Amino acid sequence: MAAADNDALIRFQQVTKRYGQGDAEFLALKGVDFSVSSGEFVSLMGPSGSGKSTVMNILGCLDVLTDGEYYFRGVPVSELDRNQRALLRRNHIGFVFQGFNLLARTSAQENVELPLVYRGLNKKERNRLSMAALDKVGLGNWAHHHPSELSGGQQQRVAIARALVTTPSILLADEPTGNLDTERSQEIMELMAELNREQNLTILMVTHEPDMAEYSHRIIHFVDGKVDREEQPQGRG
Ligand code: ADP
């Protein structure tokens, strides 16, 4: 199923990441190779400390690698300057976090609109796009509610709508169900699987829960700063 490497949306080639210097030096990634094609839904799994967050931070242009290369649509990201990386992040990458990270004092719709404010869109356009994004996650009727009036599952839906409102090339989800009970978790995973299937949304998700990884096409297991193995979830052919 994985496309040839040069078709990859994102590709890590022998990526290393060193934190600190001298005695405090720590090699968090030790030569990581993997790629994700457009339209794939991939899970990253592995023990705590195995490097998953480091990978996500580099992918999201929140941090830079030490050695090797990160290609985004074939473009070597380490050759981009700070501003170009910020544009790549803003224009192509959507983030969803375990803790939802919504602004408490603003409505669901205002939360979803925020990335569009940064893009300088006018109120009418922001309104149209944020309502469409809330509809996509099944919250069209909740637009004017504040996060405290929403369940955890609904808050994560708002966060997904906020990530999607800019039509990113990839959604990076860091333990998106980590704060939710089993039933809400399954609803969120069904929503993500549907967005992947019906809107061709590319998703890369970190999860500790095998049941959640089952929703993806491919699982990449990390151990000690390296890819240990890749597998297809059972139940997928
Ligand atoms: P995971 O997400 O799989 O739990 P991380 O990517 O967070 O793993 O961490 C990988 C390793 O890098 C861990 O041993 C962690 O302590 C270390 N690490 C992460 N961030 C930093 C940092 N800013 N400075 C020093 N070490 C770090």
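How far from an oxygen atom of the ligand does a backbone N or O atom of Gly51 lie? In this predicted model, the separation comes out at 3.0 Å.

**View 1. Polar contacts to the ligand from Gly51, Lys52 and Thr54**. Next to that Gly51 backbone atom at 3.0 Å, two side chains join in. Lys52 puts a polar side-chain atom 2.8 Å from a ligand oxygen, and for Thr54 the matching figure is 2.5 Å. On its own the ligand has 560 Å² of accessible area, and the protein covers 59% of that.

**View 2. The shell around the ligand**. Tyr19, Phe26, Ala28 and Pro47 are among the surrounding residues, and so is the run Ser48, Gly49, Ser50, Gly51, Lys52, Ser53 and Thr54. Sorted by class, that's four nonpolar, six polar and one charged. Two elements, β2 (26–37) and α1 (52–59), each supply two or more shell residues, with α1 giving the largest share at three.

**View 3. The largest pocket**. Its volume is about 470 Å³. Of the 16 lining residues, Ile93, Phe95, Pro115, Tyr118 and Arg162 sit nearest the centre. Two or more lining residues come from each of α2 (82–92), β6 (93–97), α3 (108–118) and α5 (152–164), and β6 gives the most, with four. The lining breaks down into nine nonpolar, three polar and four charged residues.

**View 4. The second largest pocket**. Here there's about 180 Å³ of space. The lining takes in 13 residues, with Thr167, Pro168, Gln199, Asn200 and Leu201 closest to the centre. By class, you get four nonpolar, seven polar and two charged.

Notes: Residues are numbered from 1 along each chain as its sequence is written. This is a predicted model: local features need pLDDT of at least 70, side-chain atom pairs count only at pLDDT 80 or more; totals for chains, interfaces and linings use all residues. Side-chain values use heavy atoms; hydrogens and water are left out. A residue is near a molecule or strand if one of its heavy atoms lies within 4 Å of it. A polar contact is a pair of N or O atoms within 3.5 Å; within protein, one must be able to donate a hydrogen and the other to accept it, and residues adjacent in sequence count only if both atoms are side-chain atoms. Accessible areas come from the Shrake-Rupley method with a 1.4 Å probe; for residues, only the protein chains shown count as cover. Ala, Val, Leu, Ile, Met, Phe, Trp, Tyr, Cys and Pro count as nonpolar, Asp, Glu, Lys and Arg as charged, and the others, Gly among them, as polar. On a 1 Å grid over the protein atoms alone, a cavity is a set of points where a 1.4 Å probe fits but cannot get out, and a pocket is an open set with protein on both sides within 12 Å along at least five of seven lines; lining residues have an atom within 4 Å of a point. Grid points are joined across faces, edges and corners, and a volume is the space filled by probe spheres set on the points.
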